[in-house]
Amino acid sequence: MERKALLFVCLLVSTHAMAQINKHDKKKKLRELSPDRPHQTESPITVDAGHIMVETDLVNNTFYDKDYPHSSTTGLLYFNFKVGIQKNMDVEVMSNAFSFSRYEHHALPSTNTSLPDLTFRYKLNILGNDSGRTSIAIMPFITTTNLVHEKWQAKTGGILVNAEHLFKDKYELGYTGGLTTFTINPFFQQHEWFSTVSFSYPLYKSLNHFIEISDRLNKVASVRNNYSFDSGLTFTPTANNQFDMGFYYFIPMKTLYIFIGTTIRI
């Protein structure tokens, strides 16, 4: 009887302890919101396991001024849908929901597209996902046709290394580099190297500013090195929501990209 009573007490204690642990896990604080947008420098921080994050350009506009006739493209809901699958991993699906292209003086007919391609990405954090000032992740990805308008096939692939370092708990230096594009069939016949560095800092409370420079090296493109200067603002009113706006200006290509967007974590 004493043994049974002792086992019963141990069972009650262990059950209570497990309940407290589960309760603590459910209330565990999520990581600080760290979306890939709005700059071109990708974040090394993954989405918390079991959570969803949606990053989107609500609206963007691209002005092409290098060639004639000049043109512009308006995009709506350029999204990145992300799901945390393990403590240091997430999977992502990206596409441009709708876009409308117009030519100066109606020199050419306007065109409209919807979900032109899908990009599937896998982010693996290898350092600093939950603590520390330095974080690093690798991110392979593949771009395919959209499964609706045309036969499904893989078109291009790539792999990036994302890193960031925090200074004095408020200044953030970010870096992304690697292959943004390589052809799959024929394999690696064409490819593009990419590198970008960003610096962000707080302006007032949850309002932050970032500046960034980038370079795309493509030997077969019309411009071998396509540099850009980027800048923008982010505002994070809650732990799970961010608003942003800004621009990229690609210097040799005389291309201006402006955007307004948001990020929501569930």
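**Figure 1. A hairpin made by β5 and β6.** Start with the hairpin that β5 and β6 form, where 6 residues sit between the two strands and Gly128 in the turn has a positive phi of about 70 degrees. Everything shown here and below comes from a predicted model, not an experiment. The strand β5 covers residues 117–127, and β6 takes in residues 134–145. These two strands pair in the antiparallel sense, with 8 bridges along the way. One bridge to look for is that of Leu127, whose partner in β6 is Ile136.

**Figure 2. On the other pairing of β6.** β6 also runs antiparallel to β7, and 11 bridges join this pair. The strand β7 spans residues 154–167. Ile136 turns up again here, this time standing opposite Ala163 in β7. So if you keep Ile136 in view, you can pick out Leu127 as its bridge partner and Ala163 across from it in β7. As a rule, side chains in a regular strand alternate between the two faces of the sheet.

**Figure 3. Thr119, a buried threonine in β5.** Back in β5, have a look at Thr119, which is one of the residues of that strand. Is Thr119 buried or exposed? Thr119 counts as buried, because its relative accessibility is 15% and the cut-off for buried is under 20%. Its side chain makes a polar contact with the side chain of Thr143, at 3.0 Å. Leaving aside residues up to four places away in sequence, Thr119 touches Glu92, Val93 and Met94, plus Phe141, Ile142 and Thr143.

**Figure 4. Glu42 and its contacts from along the chain.** Glu42 belongs to the loop between α1 and β1. Even though it is a loop residue, Glu42 counts as buried, with 15% relative accessibility. Which residues does Glu42 touch, not counting those up to four places away in sequence? They are Asp36, Arg121, Met139, Leu160, Asn162 and Thr176. Take Thr176 as an example: Glu42 and Thr176 are 134 residues apart in sequence, yet their C-alpha atoms are 6.1 Å apart in space.

**Figure 5. Two cis peptide bonds, each leading into a proline.** One cis bond joins Arg37 and Pro38, with omega at about 5 degrees. Pro38 lies in the loop that runs between α1 (2–26) and β1 (52–64). Glu42 is found in the loop between α1 and β1 as well. Where does Pro186 sit? Its place is in the loop between β8 (171–184) and β9 (187–204). The cis bond there joins Asn185 and Pro186, and omega is about 0 degrees.

**Figure 6. Positive phi at Leu77 and Lys168.** Neither of these is a glycine, but both have a positive phi: near 60 degrees for Leu77 and near 50 degrees for Lys168. Leu77 is part of strand β2, residues 71–86. Lys168, on the other hand, is in the loop between β7 and β8. With a relative accessible area of 40%, Leu77 is partly exposed. Lys168 has a relative accessible area of 70% and is exposed, because the cut-off for exposed is over 50%.

**Figure 7. A nonpolar patch on the surface.** Leu77 comes back here as one of the residues in a nonpolar surface patch of about 870 Å². The others in the patch are Leu58, Val59, Phe98, Phe100, Leu203, Tyr204, Leu233, Met245 and Ile260. Which strands each supply at least two residues of the patch? They are β1, β3 (89–103) and β9. Leu233 is found in strand β11, residues 225–238. At 31% relative accessibility, Leu233 counts as partly exposed, and it qualifies for the patch because the cut-off there is over 30% relative accessible area.

**Figure 8. Stepping back to the whole chain.** In total, the protein chain has 1 helix and 13 strands. The helix comes at the N-terminal end, and the strands follow on from it. Of the 266 residues in the chain, 39% are buried. Among contacts with a separation of 6 or more, 49% are between residues 24 or more positions apart. The chain exposes about 15,800 Å², with carbon and sulfur atoms supplying 65% of that area.

Notes. Residues numbered from 1 in each chain as written. Predicted model: local features only at pLDDT ≥ 70, side-chain atom pairs only at ≥ 80, totals over all residues. Heavy atoms only, no water. Helix = DSSP H or I, 4+ residues; strand = E, 2+ residues; numbered from the N terminus. Buried < 20%, exposed > 50% of the residue type's maximum accessible area, 1.4 Å probe, protein only. Polar contact = N/O pair within 3.5 Å; in protein donor to acceptor, adjacent residues only side chain to side chain. Contact = heavy atoms within 4.5 Å. Patch = residues over 30% accessible without salt bridge, like charges linked within 9 Å, V, L, I, M, F, W, Y side chains within 5 Å. Areas by Shrake-Rupley, 256 points an atom, 1.4 Å probe, with all protein chains shown as cover. Salt bridge = Lys/Arg side-chain N within 4 Å of Asp/Glu carboxyl O. Pairing = 2+ DSSP bridges.
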